[in-house]
Amino acid sequence: MGSAPASPRRAVPWYGRLIQRRSIVIGGLLLLVVMAVAILAPVITPYDPNLVRPEIQFIRPNAVHLFGTDNFGRDLFSRTVYGARNSLIVGSSVVVLSGLLGAAAGLLAGFYRRIDTLLMGVMDSLMAFPGIVLAVAIMAAIGARLENVVVALGVVQIPRVTRVVRSVVLTIVHTQYIEAGRAIGLTDRRILLRHILPNCISPLIVQGTFIFGLAVLGEASLSFLGVGAPPYIPSWGNILGEARVYVRDAPYMMLLPGLALSITVLGLNLVGDGIRDWLDPMSRVRRLEADH
Amino acid sequence: MVLVATAVFLLLRLTPGDPTEVLLGPEATPERAAELRRDLGLDKPIPVQWALWFSHVLQGDLGESIFLRRPVTQAIWERAEPTLMLTLLSLIVAVALGLGLGVLAAVRQGSWADLVAMLVSLAGISMPTFWIGLNLILVFAVILGVLPVAGYKPLSAGVWENVRYLILPAITLGFYDAALLARMTRSMMLGVLKENYVRTARSIGLPERRVVLGHALRNALIPLMTIVGLMFAGLLGGALVTETVFNIPGVGRLLIQAVLRRDYQLVQGIVLVIAGVYVLINLSVDILYGVLDPRISRAKPRAS
């Protein structure tokens, strides 16, 4: 129904445009701040994030301890800043892991019909679990370590990447230029990597941004539940998990660290939305149709 | 169903941990460990163990929880009510809030209401559930003191009591899906509102309310139904986190406790049951979709 008659154009006020077009800029700025904080963590934190000082526990936010201190007297500002570092490392590792393995599986499944059924069967069975349940089950199996969090969250995301890449491969594998490549005797490897893979890049980037956000949330959730990063690691999930017990008496313990986490994910979602509209012409057309 | 079977197999391969070490403590002698392993059938090769367990599962026997000292099925059954009630209530929250915000945003496209609705939904998909939950506890339970901080009252204690304890968790859990649904409803409605039949309905002078709710929303609803069905399945997983935040004695809480105690039989059983229910819901959504929209059995779904 692409040719619906255009309704009279209404002038879109500035805040209307803000929702639609400024998302990359705003999201990008948020992410830049978070990244800068993560990189500069040792410079801007006044205290060691793991320094336990029982004599100063539960101090409200003040000039010395910007975010206050927790039940062990650790400086929450320092922990939150290092939490940014932790989240970005875990998030990007998950993106790389699921991106590489998922793309490889998707390329092979789409290209070789023989292994398609097998590979997609494995992927479908992975998708038969709610993501967080699968992640918890994997963590139960391989133990609560930070590297394992990356593995668990990566495994959860691999099927999603595989599906996206496979569908791209299936749509182009019979096009003329691929046939032509075969006709002049290019190896499968070369066709896959040089001619098919480039077509998968932009969907991969879009997918990667969203996976980044999901991974940051996932790591925080696992740690919050106590099955993710070990307690000594300043992860936002750990901070919030400890703060949960003290909501009544020390609500500041969860407010600012939680806000930091939300802002990071918000930035990633905004950038993801923006890149999707930018790289995927179809979604832009759909959106234009919907908006005008 | 084939999927669940594959999933079970996968799960078994994923849990190679040694429960004897946990049961006996680190000081246990190797002889004692070997003996226990033999008692639990853990000395057999993996495929044999798998076949044994699988044949039990087919008979509805999920094994015995080592720590709770009772059958896994019974342990899950005892915890099912809170999780089910929480999921249902969250679904209601998600649908009511999501459809409401989405329709509002679509009808008043470009207005401040649209902006607010979209900002709320953007916040909804960015804030972690547990943080939303902690904030709700802080505002409604600690500062205002109108709702309980945490815990659960079963349905047998009265529907009102039950809902009083579940309303904050339900909002917490339902908010993410409400936000997603609001975004999708908005774009669906924007598409449908431009269709010819909507223009016709308007031109014959039907009140705007009827046009929007009776004609436009009804048609946008069909694809949205699938999403709602999938959300129900997803909420089941989300209950894990929410139950922990609010200390609700549900299946999710049980799973986390089982993981922390390394009660592998219980972990396996719960994950299997959750996966089974998840797949069943997804399956029924597919079937329901065909019933609701007879067109897809004859023609492929329209692009809108």
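Leaving aside its neighbours within four places in sequence, which residues is Leu240(A) in contact with? Keep that in mind while you orient yourself. The model is predicted.

**Stop 1: the two chains**

Colour by chain. Chain A has 292 residues, and 46% of them are buried. Its secondary structure is twelve helices and zero strands. Chain B has 304 residues, of which 39% count as buried. Here you will find 13 helices and two strands.

Now consider contacts between residues at least 6 apart in sequence. In chain A, 69% of these join residues at least 24 apart. In chain B, the figure is 73%.

**Stop 2: Leu240(A) and the largest core**

Select Leu240(A) and show what surrounds it. Beyond its neighbours within four places in sequence, its contacts in chain A are Ala220(A), Phe224(A), Met254(A), Pro257(A) and Gly258(A). From chain B come Phe130(B), Trp131(B) and Leu134(B).

Leu240(A) belongs to the largest nonpolar core, which has 141 residues. It is among the residues with the most contacts inside that core, along with Ala135(A), Val136(A), Met189(B), Leu255(B), Val267(B) and Ile270(B). Next, select residues 72–107 of chain B. This is helix 5, and it gives the core its largest share, 17 residues.

Another core lies apart from this one. It has 13 residues, including Ala103(A), Val165(A), Val168(A) and Leu204(A).

**Stop 3: helix 10 of chain A**

Select helix 10 of chain A, residues 236–245. How many of its ten residues are buried? Nine are, and the helix is mostly covered. The buried set includes Trp236(A), Asn238(A), Glu242(A) and Arg244(A). Leu240(A) and Gly241(A) are buried too.

**Stop 4: Gly226(A)**

Step back to the loop between helix 9 (188–225) and helix 10 of chain A, and pick Gly226(A). Is Gly226(A) buried or exposed? Gly226(A) is buried, because 20 other C-beta atoms lie within 10 Å, and 20 is enough to qualify.

Setting aside neighbours within four places in sequence, Gly226(A) is in contact with Gly241(A), Ile256(B) and Leu260(B). For a distance check, add Ser78(A). Its C-alpha atom is 21 Å from that of Gly226(A), and the two residues are 148 apart along the chain.

**Stop 5: helix 7 against helix 9**

Show helix 7 (residues 146–172) of chain A together with helix 9 of chain A. They pack at about 155°, with axes 9 Å apart. The angle makes the pair roughly antiparallel, because it is over 145 degrees. The crossing is right-handed.

Now label the contact. On helix 7, look for residues including Val149(A), Leu153(A), Gln157(A), Arg160(A) and Val164(A). On helix 9, pick out Ile196(A), Asn199(A), Cys200(A), Pro203(A), Gln207(A) and Glu219(A), among others. Colour the contact by residue class: 16 are nonpolar, four polar and two charged.

Val165(A), Val168(A) and Leu204(A) also take part in this contact. You met these three in the 13-residue core.

**Stop 6: Asn247(B)**

Finish in chain B. Go to the loop between helix 10 (208–246) and helix 11 (251–260) of that chain, and select Asn247(B). Check its backbone: phi is positive, about 55°, although Asn247(B) is not a glycine. Asn247(B) is partly exposed, because 14 other C-beta atoms lie within 10 Å, between the cut-offs of 12 and 20.

Definitions and conventions. Residues numbered from 1 in each chain as written. Chains lettered and ligands numbered in written order. Predicted model: local features only at pLDDT ≥ 70, side-chain atom pairs only at ≥ 80, totals over all residues. Core = buried A, V, L, I, M, F, W, Y, C linked by C-beta atoms within 7 Å. Helix = DSSP H or I, 4+ residues; strand = E, 2+ residues; numbered from the N terminus. Contact = placed C-beta atoms within 7 Å. Axes fitted to C-alpha atoms, helices over the stretch in contact; angles between N-to-C directions. Parallel < 35°, antiparallel > 145°, perpendicular 65-115°, else oblique. Left-handed = near helix turned anticlockwise from the far one by under 90°. Nonpolar A, V, L, I, M, F, W, Y, C, P; charged D, E, K, R; others polar.
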